[in-house]
Amino acid sequence: MANIRVMIVDDNEDIRTSLADFLQKQPEISVVGEAANGADAMKMIPDARPDVLLLDMIMPVLDGFGVMARLQQ
């Protein structure tokens, strides 16, 4: 089965940790990065190359909507 690369972007550390713990127990999923805001995520995305972004839509610095807009450019 193909490995799904997931990045978690949320300003709440407890949520990031809980999601990462759960996802890492799934054999077909690899957590390739975690970020506390969209600006940090944008810096990490080129190297992490996630297949899926789990984005919090309301975050400081750059929110999830901003990340989606920049990725579409």
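# Exercises on a predicted model

R49 sits in the loop that joins α2 (38–48) to β3. The model is predicted, and the exercises below start from this loop residue and then move to the sheet, the salt bridge and the surface.

## Exercise 1: Two loop residues

Task: Determine what is notable about the phi of R49, and whether R49 is buried or exposed.

Solution. Step one is the backbone angle. The phi of R49 is near 45°, a positive value in a residue other than glycine. Most residues other than glycine have a negative phi. Step two is the accessibility. R49 has a relative accessible area of 62%; the cut-off for exposed is over 50%, so R49 is exposed.

Task: Find where V61 lies and describe its phi and its accessibility.

Solution. Start with the position: V61 belongs to the loop between β3 and α3 (64–72). Next comes the angle, where V61 has a phi near 70°, again positive in a residue other than glycine. Last, the relative accessibility of V61 is 69%, so V61 counts as exposed.

## Exercise 2: The sheet

Task: State the order of the strands in the sheet and identify which strands stand at the edges.

Solution. First, read the order. Three strands form an open sheet, arranged β2-β1-β3, with parallel pairing. Second, look at the partners. β2 and β3 each have a single partner strand, so they stand at the edges and one side of each is left without a neighbour in the sheet. Third, add the twist, which averages 25° from one strand to the next.

Task: Work out how many bridges join β1 to β2 and how many join β1 to β3.

Solution. Take β2 to begin with. Strand β1 (residues 4–9) pairs with strand β2 (residues 29–35) in the parallel sense over six bridges. Between these two strands, the chain passes through helix α1 (residues 13–24), and the resulting β-α-β crossover is right-handed. Now take β3: its pairing with β1 is also parallel, over four bridges.

Task: Name the residues that stand opposite V6 in β2 and in β3.

Solution. On the β2 side, V6 faces V31. On the β3 side, V6 faces V52. Further pairs can be located along β2: M7 has G33 as its bridge partner there, and V9 stands opposite A35.

## Exercise 3: The salt bridge

Task: Count the salt bridges in the structure and name the residues that take part.

Solution. The count is one salt bridge. The side chains involved are those of R16 and E34, with an N to O distance of 3.9 Å. Next, place both residues. R16 is in helix α1 and E34 is in strand β2, 18 residues apart, and the pair links distant parts of the chain.

Task: Decide for R16 and for E34 whether each is buried or partly exposed.

Solution. Buried means under 20% relative accessible area. R16 has 12% relative accessibility, so R16 counts as buried. E34 has a relative accessible area of 34%, so E34 is partly exposed.

## Exercise 4: A nonpolar patch and helix α1

Task: List the residues that make the nonpolar surface patch and find which elements give two or more of them.

Solution. The members are I4, I15, L19, V52 and L54, and together they make a patch of about 320 Å². The elements contributing two or more residues are α1 and β3 (52–55). One of the members, L19, can be checked separately: its place is in helix α1, and at 30% relative accessibility L19 counts as partly exposed.

Task: Establish whether F22 in helix α1 is buried or exposed.

Solution. F22 lies in helix α1. Its relative accessibility is 52%, so F22 counts as exposed.

## Exercise 5: Separations

Task: Find what distance separates the C-alpha atoms of R49 and D14, and of F22 and D47.

Solution. For the first pair, R49 and D14 are 35 residues apart along the chain, and their C-alpha atoms are separated by 24 Å. For the second pair, F22 and D47 are 25 residues apart along the chain, with a C-alpha separation of 23 Å.

Methods
Residues numbered from 1 in each chain as written. Predicted model: local features only at pLDDT ≥ 70, side-chain atom pairs only at ≥ 80, totals over all residues. Heavy atoms only, no water. Pairing = 2+ DSSP bridges. Right-handed = clockwise from strand over helix to strand, strands pointing away. Patch = residues over 30% accessible without salt bridge, like charges linked within 9 Å, V, L, I, M, F, W, Y side chains within 5 Å. Areas by Shrake-Rupley, 256 points an atom, 1.4 Å probe, with all protein chains shown as cover. Salt bridge = Lys/Arg side-chain N within 4 Å of Asp/Glu carboxyl O. Buried < 20%, exposed > 50% of the residue type's maximum accessible area, 1.4 Å probe, protein only. Axes fitted to C-alpha atoms, helices over the stretch in contact; angles between N-to-C directions.
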